[in-house]
Amino acid sequence: ELRKRFPRIVEVRGKGLLVGVEVEAEAKAMVSECLKRGVLLNATAEKVIRFLPPLITNEAEIDEAIGILAKAFLAVE
């Protein structure tokens, strides 16, 4: 869904809750912006953001994290 709104998302890959998002922007800037907003992510490569939430994460928390990621995309233009 975010990929439709933000064309800077090149690819989304992964399995289950372990997800990598390749972006056109610098991944570290996106990770920093998300951290400011309360979501801890990881930049595994120059342009890849990794999500690795705990297995007890619920759907509402995932939705909140996606909302924060969307705000980060808007902040890091």
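Colleague: Leaving aside its neighbours within four places in sequence, which residues is valine 19 in contact with?

Modeller: Keep in mind that this is a predicted model: local features need pLDDT of at least 70, side-chain atom pairs count only at pLDDT 80 or more, and totals for chains, interfaces and linings use all residues. Residues are numbered from 1 along each chain as its sequence is written, and side-chain values use heavy atoms, with hydrogens and water left out. Contact here means heavy atoms within 4.5 Å. On that basis, the partners of valine 19 are Val12, Arg13, Gly14, Ile49, Arg50 and Phe51.

Colleague: And does valine 19 count as buried, exposed or partly exposed?

Modeller: Valine 19 lies in strand β2; strands (E, at least two residues) and helices (H or I, at least four) are DSSP runs, numbered from the N terminus. Buried is under 20% relative accessible area, exposed over 50%, and partly exposed in between, with a 1.4 Å probe and protein chains only. Since its relative accessibility is 22%, valine 19 counts as partly exposed.

Colleague: Which residue in β4 does alanine 43 stand opposite?

Modeller: Start with the strands: β3 (residues 42-45) and β4 (residues 48-51) pair in the antiparallel sense over three bridges, where pairing takes at least two bridges found by DSSP. A hairpin of two residues joins β3 to β4. Across from alanine 43, in β4, you'll find isoleucine 49.

Colleague: Over to helix α2: why are its buried residues on the same side, and how wide is their arc?

Modeller: The buried ones in α2 (residues 27-36) are Ala27, Met30, Val31, Glu33 and Cys34. The arc is taken from the directions from the helix axis to the C-beta atoms. They share a side because the arc they cover is only 165 degrees.

Colleague: What is included in the cover over those buried residues of α2?

Modeller: The other side of α2 is where Lys28, Leu35 and Lys36 are exposed. As for the buried residues, their cover includes β2 (18-23), β3, β4 and α3 (59-75).

Colleague: Which element gives the largest share of the largest nonpolar core?

Modeller: A nonpolar core is a set of buried Ala, Val, Leu, Ile, Met, Phe, Trp, Tyr and Cys residues joined through side-chain atoms within 4.5 Å. The largest one here has 20 residues, and Met30, Cys34, Leu41, Ile49, Leu69 and Phe73 touch the most other members. Two or more residues each come from β2, α2, β4 and α3. The largest share, six residues, comes from α3.
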